[in-house]
Amino acid sequence: MSSSVVRAPLIAARASRARARGARRLSSVIVAARASSDARCFVFSAHRYEDETLRRALPNATYSSARLSLDTASLAQGHDAVCVFVDDDARGEVVDALAERGVKLILLRCAGFDNVDCERARERGISVLRVPAYDPLSISEHAVAMMMSLNRHLCASRDRLRVGNFTLDGLVGSSMRGKTVGVVGTGKIGRGVAEILKNGFQMRVLGYDKFEKDDFCGDYVSLDELLARSDVVSLHLPLTPETRGMICVETIAKMKEGTILINTSRGLLVDARAAIDGLYSGRIAALGLDVYENENRLFFKDFSSMNTNERMLVWDETMAILGSMPQVLVTPHTAFLTYEALDEIAKHTAENFRQFCAGERLEGANVVVDASVSAASTTT
Ligand code: NAD
């Protein structure tokens with residue numbers, strides 16, 4: 001039997017299972033969304049992968065693939081809420097433009113809110129709600145997948161397969177067992193990484209966090225000590241003025257020779273040019289990035305059909321260098337992208353919208369800005 005004959009029913013069965021799973025999981029979400037059917041919500045950066053989740057959870061919303069920016073804010077005219085994702089731009093002037101169009105609520109389909117000017121939102125009477133956590137283990141698992149792919153040269157092996165090269169030279173990796181991982185930021189995702197690597201790989205675990213947690217499975221040390229002792233460094237911090245550019249020329253110089261560096265947090269934690277220099281010098285042996293400092297110009301877009309002139313307008317030299325390096329793996333902000341996380345995002349976003357529309361008291365980790373009360377309500 002040919003492989004394509006076997007594959008077709010497998011794919012069909014998988015698609016039908018996924019549809020059934022989507023329908024089952026979302027029944028409660030749909031009920032929650034009905035209560036809010038009067039208010040209008042405009043969804044920016046809507047993607048096909050959300051069809052089975054977000055579109056079912058907010059069936060009456062208006063969907064657009066446009067990214068929120070000053071140029072596109074007018075699309076929200078006549079809507080009470082906008083729903084945005086990580087790379088939508090809601091800085092001050094965009095918030096003003098939304099306020100002028102009657103928007104009262106920004107619904108974030110993510111945890112981080114560094115792309116929103118929260119102070120301006122409060123001043124303009126716009127509340128901001130987020131999804132504080134959505135299956136954090138999905139992101140932890142992706143970070144581990146990246147370190148394993150790099151350590152065992154899986155991408156290079158795949159590239160060789162395509163050209164019929166089955167040789168082994170250049171593909172030697174290291175056993176993770178007994179090596180040291182440094183987890184920077186020991187919140188939900190960082191703790192997940194620490195537990196997978198400690199329990200599954202028998203690695204030694206070091207951690208650095210501003211607020212140490214009792215249930216962290218490793219040893220807390222200073223950032224300098226973590227960098228000096230770790231074979232793998234994995235970043236799990238929010239982007240704040242304090243963490244911006246944390247991995248730079250100075251901190252890379254403190255790393256152990258041959259470190260594998262993974263960033264699934266926010267691109268601006270890492271100075272990408274400094275990381276490239278670190279790759280040249282060998283201080284960084286391999287780099288895994290699920291996030292990138294300039295990702296809002298690149299990620300979630302398809303440039304392959306553009307002509308050269310169009311392509312040059314968005315050309316990113318740093319990404320071109322990263323893309324050419326065999327010891328670099330870039331994924332386009334996909335660490336969260338599992339059925340489980342998408343369900344959670346849809347469910348919590350619909351619930352946030354329902355709560356707001358029902359005039360319920362806003363409280364809890366989902367509230368970034370409650371514009372109905374004083375400045376103190378802005379979460380930091
Ligand atoms: P979390 O809030 O549970 O943990 C963050 C940790 O960072 C906390 O323990 C906090 O004390 C620590 N921290 C904050 N500021 C610090 C500082 N200046 N120095 C040291 N420690 C500091 O968050 P989480 O759910 O674990 O998520 C971590 C980050 O992952 C998020 O902020 C987000 O940017 C990113 N994220 C990425 C994806 C993705 O798809 N790539 C998805 C979700 C979240």
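**A tour of the sheet, a helix residue and two spaces**

Begin with the six strands that make up an open sheet of mixed pairing, ordered β2-β1-β3-β4-β5-β13. The two edge positions belong to β2 (62-63) and β13 (367-369); each has a single partner strand, so one side of each lacks a neighbour in the sheet. Keep in mind throughout that this is a predicted model.

Stay at the β2 edge and select β1, residues 41-43. β1 and β2 run parallel and are joined by two bridges. Within this pair, show V43 and Y63: V43 of β1 stands opposite Y63 of β2.

Next, add helix α13, residues 339-357. This helix packs on the sheet and touches four strands: β1, β3 (81-84), β4 (105-108) and β5 (127-129). Its direction makes about 160° with that of β4.

Now select helix α7, residues 188-201, and pick out G190 within it. Is G190 buried or exposed? Its relative accessible area is 0%, which is under the 20% limit, so G190 counts as buried. To see what surrounds G190, show V183, G185 and H236; G190 touches these three, leaving aside residues up to four places away in sequence. Then draw a C-alpha to C-alpha distance from G190 to S265: the two are 9.9 Å apart in space and 75 residues apart in sequence.

Turn from residues to empty space, starting with the second largest pocket. Its volume is about 440 Å³. Which residues should be selected to find the centre of this pocket? Of the 19 that line the pocket, L298, F299, K301, F303 and P332 are the closest to its centre. Colour the lining of the second largest pocket by residue class, and 12 nonpolar, four polar and three charged residues appear.

The last stop is a cavity. How many cavities of 30 Å³ or more does a search of the whole structure find? The search gives two. The second largest cavity holds about 30 Å³ of space. To locate this cavity, select N263, G267, V270, A272, L289, V291, Y292 and E293, which line it. By class, the lining of the second largest cavity has five nonpolar residues, two polar and one charged. The charged one is E293, while N263 and G267 are the polar ones.

Technical notes:
Residues numbered from 1 in each chain as written. Predicted model: local features only at pLDDT ≥ 70, side-chain atom pairs only at ≥ 80, totals over all residues. Heavy atoms only, no water. Pairing = 2+ DSSP bridges. Contact = heavy atoms within 4.5 Å. Axes fitted to C-alpha atoms, helices over the stretch in contact; angles between N-to-C directions. 1 Å grid on protein atoms, 1.4 Å probe; cavity = no way out; pocket = protein on both sides within 12 Å on 5 of 7 lines; lining within 4 Å. Points joined across faces, edges and corners; volume = space filled by probe spheres on them. Buried < 20%, exposed > 50% of the residue type's maximum accessible area, 1.4 Å probe, protein only.
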